[in-house]
Amino acid sequence: MGAEVVIEGLTKSFGKQAIWRDVTLTLPPGEVSAMLGPSGTGKSVFLKSMIGLLKPDRGRCVINGVDIVTCSEHKLYEIRKLFGVLFQDGALFGSMNLYDNVAFPLREHTKKSETEIRRIVLEKLDMTGLNGADKKLPGEISGGMRKRAGLARALVLDPEIILVDEPDSGLDPVRTTYISQLFLDVNAQIDATFLIVTHNINLARTVPDNLGMLFRKELVMFGPREVLLTSEEPVVKQFLNGKMQGPIGMSEEKDSAQMAAEQAMFEAGHHAGGVEDISGVPPQMQPTPGVPTRMGAVRRKDRVMEIMHRLPPAAQESIIESLSPEEQRHYGVRPHRGQPQQVGARPQGDGVPSQHHGQLPADQVARIPGGGQPPRTGTHRMPPNNGPGGW
Ligand SMILES: Nc1ncnc2c1ncn2[C@@H]1O[C@H](COP(=O)(O)OP(=O)(O)O)[C@@H](O)[C@H]1O
Ligand SMILES: [Mg+2]
């Protein structure tokens, strides 16, 4: 099973420029999570901070009991071996063929024989659909193949955590779906924890188990996919619909005057762009038939049912609808449009919040910054997570 990543109060700035602050979330082991956010919100900086390539100002990022923010260089080196990273451009060595590119981490970090290396490299090339392409140079293959080769290389050290930066960059929508399918198949095969950073709406809506969003230097939300996909939060809705109308502007955010002026324009009939309002939760992509069941998805079901009574009603409804009749019986829930469900034998007072702000554990759905929300409590430290199956 992949490693859990517990991030608490993580804060990063470059000199006077704050990038994001107090990011608190947990990546559940073996699940696929995606982080959304407009360009420049620090998604790549977030990934680099997770592997210790950049040093956060404060906060914790704990993997297998080691806080990589404060640990020694030696420990960091060890922890890094748990990660496979797929950078935006594949980051392949241009003068090496795919075989040598994929073999590189094995030759650098292990004492394996060339025979053993050959077995592993061919296995990973096969897993990523690159059979027979081992002699090609990166410059001779398509962008999609380069990304798959980057993934093959990320897999050779048997990572427990896989970080992916903008997998769709430079790819057409069909190739983006193919690489998404590959992520789910790889996840099913090795049960690694995934974090995919993206601004691709299709991918966000159909691939991950969990979704988060960075905006205005904060983590707006993080939680089960159903929470963000049913959210009425303007910034989340705007992003998932790709519209001009909303708080996200041309260069990240708008001031209130600009928002008012634009609102008048849209009310007068100007098209806000994007797709027509997409709402609701589309079915999640599944591993290719024949590929093993995703154990992360199996564990997630129990985990989400455990925290469900604390999720917003629309998310609850969508989760219940995604269950088979047998599963609904197993968990003792029934779909009931408009009527939030109570799960298990919880006392009435611990029921469904009418609004989820501030009521969820901080690592499941973080606060929503700005705009008339309840004031934050003094500290954003996540409450101790005691519940069975909690994270
Ligand atoms: N090494 C660095 N030194 C200084 N500023 C940086 C560095 N890396 C990123 N930044 C700044 O951090 C901000 C967020 O960048 P990035 O993480 O690349 O955004 P995203 O991936 O969300 O598009 C940008 O303003 C960028 O200029
Ligand atoms: Mg980036």
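# A walk through the predicted chain

In this predicted model, the largest nonpolar core has 84 residues, and those with the most contacts inside it are Val102, Leu163, Phe183 and Met213. To see what such a position looks like, one can take Val102, which, once its neighbours within four places in sequence are set aside, is in contact with Val121, Lys124, Leu125, Ala149, Ala152, Arg153 and Val156. The chain around this core has 391 residues, of which 43% are buried, and it contains 13 helices and 12 strands. Among its contacts between residues at least 6 apart in sequence, 70% join residues at least 24 apart.

Two of the sheets can be followed strand by strand. One is an open sheet of 6 strands with mixed pairing, in the order S6-S7-S8-S3-S9-S10. Strand S6 (83–86) and strand S10 (218–224) stand at its edges, and because each has a single partner strand, one side of each is left without a neighbour in the sheet. Neighbouring strands of this sheet are turned by 15° against each other on average, when direction is ignored. At the S6 edge, S6 and strand S7 (residues 161–165) run parallel and are joined by 4 bridges, and here Gly84 stands opposite Ile162 in S7.

The other is an open sheet of 4 strands, which are paired in the antiparallel sense and follow the order S2-S1-S4-S5. Its edges are strand S2 (17–27) and strand S5 (66–67), each of which has a single partner strand, so one side of each is left without a neighbour in the sheet. S1 and S2 are antiparallel and pair over 7 bridges, with Ser13 having Ala18 in S2 as its bridge partner. These two strands form a hairpin with 2 residues between them, and Gly15 in the turn has a positive phi of about 60°. Strand S1 (residues 5–14) also pairs with strand S4 (residues 58–63), again in the antiparallel sense, over 5 bridges; along this pairing Glu8 has Arg60 in S4 as its bridge partner, while Thr11 stands opposite Arg58 in S4.

Helix H1 lies across S1, S2 and S4, and runs at about 120° to S1. The helix also takes part in the surroundings of ligand 1, since H1 (residues 43–50) supplies 3 residues, the largest share of the shell around that ligand. The residues around ligand 1 are Phe14, Ile19, Gly37, Ser39, Gly40, Thr41, Gly42, Lys43, Ser44 and Val45, and by character this shell divides into 3 nonpolar residues, 6 polar and 1 charged.

Two loop positions deserve a look for their backbone angles. Most residues other than glycine have a negative phi. Asp158, although it is not a glycine, has a positive phi of about 50°, and Lys217, also not a glycine, has a positive phi of about 65°. Asp158 is found in the loop between helix H5 (143–155) and S7, whereas Lys217 is found in the loop between strand S9 (210–215) and S10. Are these two residues buried or exposed? Asp158 is exposed, because 12 other C-beta atoms lie within 10 Å of its own and a residue with 12 or fewer counts as exposed. Lys217, by contrast, counts as buried, because it has 20 C-beta neighbours inside 10 Å and 20 or more is what burial requires.

Conventions. Residues are numbered from 1 along each chain as its sequence is written. Chains are lettered from A and ligands numbered from 1 in the order in which they are written. This is a predicted model: local features need pLDDT of at least 70, side-chain atom pairs count only at pLDDT 80 or more; totals for chains, interfaces and linings use all residues. A residue is near a molecule or strand if its C-beta atom, placed from the backbone, lies within 6 Å of it. Ala, Val, Leu, Ile, Met, Phe, Trp, Tyr, Cys and Pro count as nonpolar, Asp, Glu, Lys and Arg as charged, and the others, Gly among them, as polar. Two residues are in contact if their C-beta atoms, placed from the backbone, lie within 7 Å. A nonpolar core is a set of buried Ala, Val, Leu, Ile, Met, Phe, Trp, Tyr and Cys residues joined through C-beta atoms within 7 Å. Two strands pair if DSSP finds at least two bridges between them. Axes are lines fitted to C-alpha atoms, for helices over the stretch in contact, and angles run from 0 to 180 degrees between N-to-C directions.
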